[in-house]
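User: Please take a close look at one part of this model, and set out how a single buried position sits among its surroundings before turning to other sites for context.

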Amino acid sequence: MLAETETAVDEGDEKPSPQDGSEVYYAISDYAAAEETQISLKERDEVEVLEKMSKDWWWASVNDSIGYVPANHLSKNDPLEEGDSWQDDEYFSNYATLKLQLEMLSDKHRTLAYKSAIENAKTFIQNKVVVDLGCGTGILSMFCAKLGGAKQVYAVEASEMAEQATQLVEHNDLSGVVKVMHCRAEELEIPDKVDLIVSEWMGTLLLFELMLESVLLTRDKCLKDNGVMWPSEAELYLVPCTAPEYYGEKVAFWSDVYGFDFSPLIPLAQSEMLGRPIHNYILPHGDCLSSPVTIMRLALKTLQLQDIETTESSFKCTVTTPGTFHGFGSWFEVKFGDIPAEYDYQPVTLSTSPQHPLTHWKQDLLMVDTPLTVKPDDIIEGRIKIARNQHWRRHLKVLLTYRHISGEQSSQEFRKEYVLWR
């Protein structure tokens with residue numbers, strides 16, 4: 001916003017400096033204001049930040065309007081001028097830590113599912129060539145070599161954890177079979193096509209971090225025509241649920257704060273605390289208000305990159321348990337199949353459902369702003385869209401529209417957008 005003594009400059013000239021104490025940022029993605037005190041953003045909007053009110057919300061001026069903007073939608077650099085839209089330095093540095101590797105290796109349900117699949121498919125894997133993409137410490141590569149009898153395993157790791165994987169492979173006398181390759185999937189060069197690609201690429205809402213793109217690129221470059229992808233299939237589920245404790249701690253709390261009515265802060269609490277999927281949430285099976293529905297189904301052998309740019313699905317859930325509807329729970333399931341029939345292989349499934357042993361992924365929760373009282377035979381129906389951020393390629397946006405039908409009565413259509421994480 002220009003002061004009275006300032007004048008606009010022509011396009012291409014040096015931009016005017018912000019007001020004293022303020023800073024210029026850029027919107028890295030669109031944002032729809034959820035209340036009057038907020039400002040909607042369009043990607044690449046120039047944002048003059050006047051005051052950083054909290055780590056999540058800043059007071060700013062955008063196109064002659066002043067209000068709150070979400071800090072996670074802003075960057076100091078113009079999105080089109082920033083080079084690392086994949087944030088590889090940050091991403092791979094996380095996987096170079098033992099803390100994250102420990103979390104994954106300690107997840108017995110996850111790790112033993114891969115181990116069981118490899119053991120069960122020994123007659124197929126024996127004397128075959130395997131790529132383990134994103135091998136981490138190399139545990140799946142070692143399973144393939146020692147338990148599956150693979151002839152050659154290419155253990156591909158882009159992070160610095162490749163150094164430790166090499167050490168561990170040598171320490172376990174498997175360096176004659178397992179070759180650790182410190183490179184990104186896009187840089188991978190191997191002499192021959194492979195029989196099996198195994199990878200653990202799944203994230204929040206199945207797709208987050210989009211390692212799946214690297215898996216598909218490796219498939220197209222390295223897999224034989226009759227080769228196998230593991231996981232071979234993946235499904236994402238959605239279910240209406242109740243979450244009274246979470247809603248009470250984050251939203252209802254403001255109704256009575258030590259005897260004072262803080263309810264004017266509830267809209268801000270909803271925007272700040274319910275605007276992202278809650279990952280690593282433990283959803284008790286008893287909190288599910290209906291049977292789950294499938295909202296995404298992927299077949300890894302035929303899936304194309306454009307298929308994961310945007311996925312959309314309608315859903316219709318019939319309430320079976322009375323309660324208060326606070327949002328939607330979500331989890332995924334992957335299958336290790338596609339082994340030719342002559343190998344007498346029984347597919348193995350890894351599920352992160354509340355009815356299965358807890359994994360390090362736990363479940364995800366999409367909270368809604370307006371809780372609704374529901375009873376058996378009520379309908380909650382709508383549509384969910386999961387789209388990749390067009391600049392920050394590892395991130396997602398979720399658009400959820402839904403309504404509640406009870407007998408002949410139908411609610412208004414509710415709409416909520418979530419960012420994961422930008």
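Analyst: What follows begins with one acidic residue and then turns to a strand residue and a helix.

The model is a predicted one, and the part chosen here is Asp107, which is found in the loop between α2 (98-105) and α3 (108-120). Asp107 is buried and yet has no salt bridge; the nearest side chain of opposite charge belongs to Arg110, and that side chain is 5.4 Å away, whereas a salt bridge is defined by a distance within 4 Å. The backbone of Arg110 does approach Asp107, since its nitrogen lies 3.1 Å from a polar atom of the Asp107 side chain. Leaving aside residues up to four places away in sequence, Asp107 touches Leu358, Thr359, His360 and Trp361.

Thr401 offers a second buried site, this one in strand β19 (residues 396-406). Thr401 counts as buried because its relative accessible area is 18%, and the cut-off for buried is under 20%. Not counting residues up to four places away in sequence, Thr401 touches Phe315, Glu381, Gly382 and Arg383, and also Glu413, Phe414 and Arg415. Between Thr401 and Phe208 there are 21 Å in space, C-alpha to C-alpha, and the two are 193 residues apart in sequence.

The helix is α9 (residues 266-273), where Ile266, Ala269, Gln270 and Ser271 are buried. The cover over the buried residues of α9 includes the strands β3 (57-62), β17 (363-374) and β21 (414-420), together with the helix α8 (244-250).

Terms used. Residues numbered from 1 in each chain as written. Predicted model: local features only at pLDDT ≥ 70, side-chain atom pairs only at ≥ 80, totals over all residues. Heavy atoms only, no water. Helix = DSSP H or I, 4+ residues; strand = E, 2+ residues; numbered from the N terminus. Buried < 20%, exposed > 50% of the residue type's maximum accessible area, 1.4 Å probe, protein only. Lys, Arg positive; Asp, Glu negative; His and termini not counted. Polar contact = N/O pair within 3.5 Å; in protein donor to acceptor, adjacent residues only side chain to side chain. Contact = heavy atoms within 4.5 Å.
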